[in-house]
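Dear colleague,

I am handing over the structure below, followed by my notes on its sheets, the helices that pack on them and its salt bridges. Please read the notes with the model open beside them.

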Amino acid sequence: MYHAHFRGTHYEAGFRWGSLLLKHKNIILENIPFEITRERIDYALSCLPIYEKYYHEIMEEIQGLADGQQCDVSILQAVLFSMYSMPPSCNCSCFAFTTEHEILLGRNSDFLTEIERLNQNVVYKLTDGVYSFTGNTTAFVEIEDGVNEHGLAVGLTSVYPNQCKPGFNAGMIVRYLLEKCKNVSEAVSCLYQLPIASAQTLTLADAMGTITVIECNAEQIKVEKTLNNNLSFVCATNTFHFPEMIGYNNDKIDNWFAEERYQTLYSAFNRKNGGFNLPFAEKLLSGDYGFLCQYDRSTGKDTVWSVIYDMKRHKIYRSEGNPGRHKFKEDTRFQF
């Protein structure tokens with residue numbers, strides 16, 4: 001797992017990273033796990049006005065990255081803007097819970113083993129008016145889970161979309177919320193203002209103890225603060241479960257045992273019936289309560305990292321690999 005710090009403006013951060021990779025003969029466009037088709041290029045072009053209007057900073061970072069890599073920015077845009085709108089695979093598991101003594105968000109990132117060496121843990125401390133944050137990603141520029149300086153944590157799980165409209169995709173949404181929002185309330189309000197392209201769940205938690213899971217796509221946004229009236233927890237995998245959203249699921253595509261993983265999470269919380277804490281979160285993510293990370297690596301699938309954001313104590317724990325085999329370690333590089 002790469003560990004990268006980004007400073008300066010968005011453009012400067014992108015340019016420095018792109019230049020550093022190029023210096024070491026690391027060409028981003030040679031490591032993309034899907035074909036960059038004409039459809040993806042045209043789709044990215046349709047998204048440009050939206051990103052220019054709502055998130056000009058990210059456009060500047062991508063331009064800086066392209067300049068640093070000495071490549072065509074339109075091809076990088078095609079990769080980034082289409083990534084979750086035309087996903088190569090949908091995986092990952094996420095949850096959050098709060099008690100009198102705990103506020104935690106946990107997430108397993110499940111992805112392709114062939115590119116796990118490229119996964120990144122990043123710290124962004126930029127100077128052009130956005131909040132600092134740390135996060136993890138199987139991509140670049142986009143973020144899949146993270147926490148910002150104000151104690152807002154966000155994690156995504158992709159859902160296969162039924163249609164492909166121009167707008168923000170899941171990885172860009174998470175990055176945007178971390179850079180622009182202080183808490184769950186602001187993030188939810190902000191989400192309603194953005195044109196959404198992809199289908200996904202978003203799990204959120206903040207330092208004040210608010211947790212939320214959101215199921216959303218280009219057509220609807222549905223928000224729940226708990227999945228049990230007597231217990232404060234939320235969880236998500238790669239299918240929708242809210243009644244209004246179930247009709248958008250595509251059961252014909254491999255979603256990496258999404259329903260089995262969801263039932264593991266949901267059942268574990270209900271069986272535990274309170275008393276949720278850090279050891280419980282670690283065991284749950286490690287598969288002690290049922291199938292969550294027990295992939296057969298020979299199929300090219302695995303959990304490639306696992307992370308826990310402890311919002312009460314302002315701590316981050318990460319397993320840089322499958323948590324069933326790699327221990328969680330505290331990451332002290334980012335303070336929030």
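An open sheet of 8 strands, with mixed pairing, follows the order β1-β4-β5-β6-β7-β8-β9-β10, where helices (H or I, at least four residues) and strands (E, at least two) are DSSP runs numbered from the N terminus, and where two strands pair if DSSP finds at least two bridges between them. At its edges stand β1 (2-8) and β10 (221-224), each of which pairs on one side only. Neighbouring strands of this sheet are turned against each other by 15° on average, with direction ignored; axes here are lines fitted to C-alpha atoms, for helices over the stretch in contact, and angles run from 0 to 180 degrees between N-to-C directions.

This is a predicted model, in which local features need pLDDT of at least 70 and side-chain atom pairs count only at pLDDT 80 or more, whereas totals for chains, interfaces and linings use all residues. Residues are numbered from 1 along each chain as its sequence is written, and side-chain values use heavy atoms, with hydrogens and water left out.

Within the sheet of 8 strands, β5 (residues 133-137) and β6 (residues 145-148) pair in the antiparallel sense over 4 bridges, and Phe-133 has Asn-148 in β6 as its bridge partner. Helix α5 packs on this sheet and touches β4 (120-126), β5, β6, β7 (152-159) and β8 (199-206), its direction making about 170° with that of β7; contact means heavy atoms within 4.5 Å.

A further open sheet consists of 6 strands in the order β11-β2-β3-β12-β13-β14, with antiparallel pairing. Its edge strands are β11 (233-236) and β14, each pairing on one side only, and the twist from one strand to the next averages 15°. Strands β12 and β13 run antiparallel and are joined by 5 bridges, with Ser-306 standing opposite Ser-319 in β13. Two helices can be placed against these strands: α7 (residues 258-272) lies across β2 (93-98), β3 (103-112) and β11, running at about 165° to β11, while α8 (residues 278-285) lies across β2, β3, β12 and β13, running at about 170° to β12.

Turning to the charged side chains, a search of the whole structure finds 14 salt bridges, a salt bridge being a side-chain nitrogen of Lys or Arg within 4 Å of a carboxyl oxygen of Asp or Glu. One of them joins Glu-57 and Lys-180, at 2.7 Å from N to O; because Glu-57 lies in helix α3 (residues 56-69) and Lys-180 in helix α5 (residues 170-180), this pair ties together parts that are 123 residues apart in sequence. Glu-57 is buried, with a relative accessible area of 7%, whereas Lys-180 is partly exposed, at 26%; buried means under 20% relative accessible area, exposed over 50%, and partly exposed in between (1.4 Å probe, protein chains only).

Arg-175 and Glu-61 also form a salt bridge, their closest N and O atoms being 2.6 Å apart. This pair links Arg-175 in helix α5 with Glu-61 in helix α3, 114 residues apart, and both residues are buried.

Arg-325 forms a salt bridge with Asp-302, again with the closest N and O atoms 2.6 Å apart. Here Arg-325 sits in the loop between β13 (315-319) and β14 (329-331), and Asp-302 in strand β12 (residues 301-310), 23 residues apart. Asp-302 counts as buried, at 0% relative accessibility, and a network of salt bridges links Glu-116, Arg-297, Asp-302 and Arg-325.

With best regards
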